[in-house]
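Here is a small set of exercises to work through with the viewer open. Try each task yourself before you read the solution.

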Amino acid sequence: ENIIPDAIIGHSAGGLAGSVIAKILTIDDALKILFAHSELIRKSKNKGVMLFAACSSNTVKSLKEDIEFAAINSVNSCVITGKPESLSRIETFLKN
């Protein structure tokens with residue numbers, strides 16, 4: 001039996017795959033975007049760090065460090081980015 005979804009979602013490359021399936025992007029356009037995204041990541045290498053934190057974004061905010069949220073995945077899961085020394089202090093706090 002055929003399955004016809006009401007919606008398609010995805011994260012990162014999955015979002016591009018979903019866009020192709022939904023006929024929003026051609027596969028060629030999705031590959032161009034994926035390549036450009038990969039190039040941006042490659043060029044930003046060693047210019048900052050990211051840290052997965054198994055806690056709420058409010059907990060991270062309360063530490064008053066100079067960071068940005070790369071993703072807030074759920075109530076108790078986020079990814080933060082910033083200067084290595086800031087993330088190192090946060091990592092130490094979270095481990096204790």
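**Exercise 1. A helix on the sheet**

Which strands does α4 lie across, and at what angle does α4 run to β1?

Solution. Keep in mind that this is a predicted model.
Step 1: Locate the helix; α4 covers residues 84-95.
Step 2: Look for the strands in contact with the helix: α4 lies across β1, β2 and β3.
Step 3: Compare directions; α4 runs at about 20° to β1.

**Exercise 2. The order of the strands**

Work out the strand order of the sheet and say which strands stand at the edges.

Solution.
Step 1: Recall that strands of a sheet pair through backbone hydrogen bonds, either parallel or antiparallel.
Step 2: Start with β1 (residues 49-53), which is joined to β3 by five bridges, with the two strands running antiparallel. One of the partner pairs is Val49 with Gly82 in β3, and another is Ala53 with Cys78 in β3.
Step 3: Go on to β2 (residues 67-74), which pairs with β3 over six bridges, again in the antiparallel sense. Here Ala71 has Val79 in β3 as its bridge partner.
Step 4: Check the connection: β2 and β3 form a hairpin, with two residues between them.
Step 5: Put the pairs together. The result is an open sheet of three strands in the order β1-β3-β2, with antiparallel pairing. Because β1 and β2 each have a single partner strand, they stand at the edges, and one side of each is left without a neighbour in the sheet.
Step 6: Add the twist; on average, neighbouring strands of this sheet are turned by 20° against each other, direction ignored.

**Exercise 3. Cover on a strand**

How many of the six residues of β3 are buried, and is Ser77 buried or exposed?

Solution.
Step 1: Take the strand as a whole. β3 (residues 77-82) is mostly covered, with five of its six residues buried.
Step 2: Zoom in on Ser77, which is found in β3. Its relative accessible area is 12%, and the cut-off for buried is under 20%, so Ser77 is buried.
Step 3: List the partners of Ser77, leaving aside neighbours within four places in sequence: Phe52, Ala53, Cys55 and Ile72 are in contact with Ser77.

**Exercise 4. Two residues of one helix**

Take Ser86 and Phe93 in α4, and find the accessibility class and the contacts of each residue.

Solution.
Step 1: Ser86 has a relative accessible area of 4%, so Ser86 is buried.
Step 2: Beyond the neighbours within four places in sequence, Ser86 is in contact with Glu65, Asp66 and Ile67.
Step 3: Phe93 has a relative accessibility of 44% and therefore counts as partly exposed.
Step 4: With neighbours within four places in sequence again left aside, Phe93 is in contact with Thr59 and Leu63.
Step 5: Look at the separation from one of these partners. Phe93 and Leu63 are 30 residues apart in sequence, and their C-alpha atoms are 8.9 Å apart in space.

**Exercise 5. A helix pair**

Describe how α1 and α2 pack, then examine Ala30 as one of the residues in the contact.

Solution.
Step 1: Set up the geometry. α1 (residues 13-21) and α2 (residues 27-43) have axes 9 Å apart and pack at an angle of about 165°. This angle makes α1 roughly antiparallel to α2.
Step 2: Assign the handedness; the crossing in which α1 passes α2 is right-handed.
Step 3: Name the residues. From α1 come Ala13, Leu16 and Val20, which meet Ile27, Ala30, Ile33 and Leu34 in α2.
Step 4: Sort them by class: the contact has seven nonpolar residues, with no polar and no charged ones.
Step 5: Turn to Ala30, which sits in α2. With a relative accessible area of 7%, Ala30 is buried.
Step 6: Find its partners beyond four places in sequence; Ala30 is in contact with Leu16, Val20 and Leu25.
Step 7: Finish with a distance: Ala30 and Gly18 are twelve residues apart in sequence and 9.9 Å apart in space, C-alpha to C-alpha.

Terms used. Residues are numbered from 1 along each chain as its sequence is written. This is a predicted model: local features need pLDDT of at least 70, side-chain atom pairs count only at pLDDT 80 or more; totals for chains, interfaces and linings use all residues. Side-chain values use heavy atoms; hydrogens and water are left out. Axes are lines fitted to C-alpha atoms, for helices over the stretch in contact, and angles run from 0 to 180 degrees between N-to-C directions. Helices (H or I, at least four residues) and strands (E, at least two) are DSSP runs, numbered from the N terminus. Angles under 35 degrees count as roughly parallel, over 145 as roughly antiparallel, 65 to 115 as roughly perpendicular and the rest as oblique. A crossing is left-handed if the near helix is turned anticlockwise from the far one by less than a right angle, and right-handed if clockwise. Contact means heavy atoms within 4.5 Å. Ala, Val, Leu, Ile, Met, Phe, Trp, Tyr, Cys and Pro count as nonpolar, Asp, Glu, Lys and Arg as charged, and the others, Gly among them, as polar. Buried means under 20% relative accessible area, exposed over 50%, partly exposed in between (1.4 Å probe, protein chains only). Two strands pair if DSSP finds at least two bridges between them.
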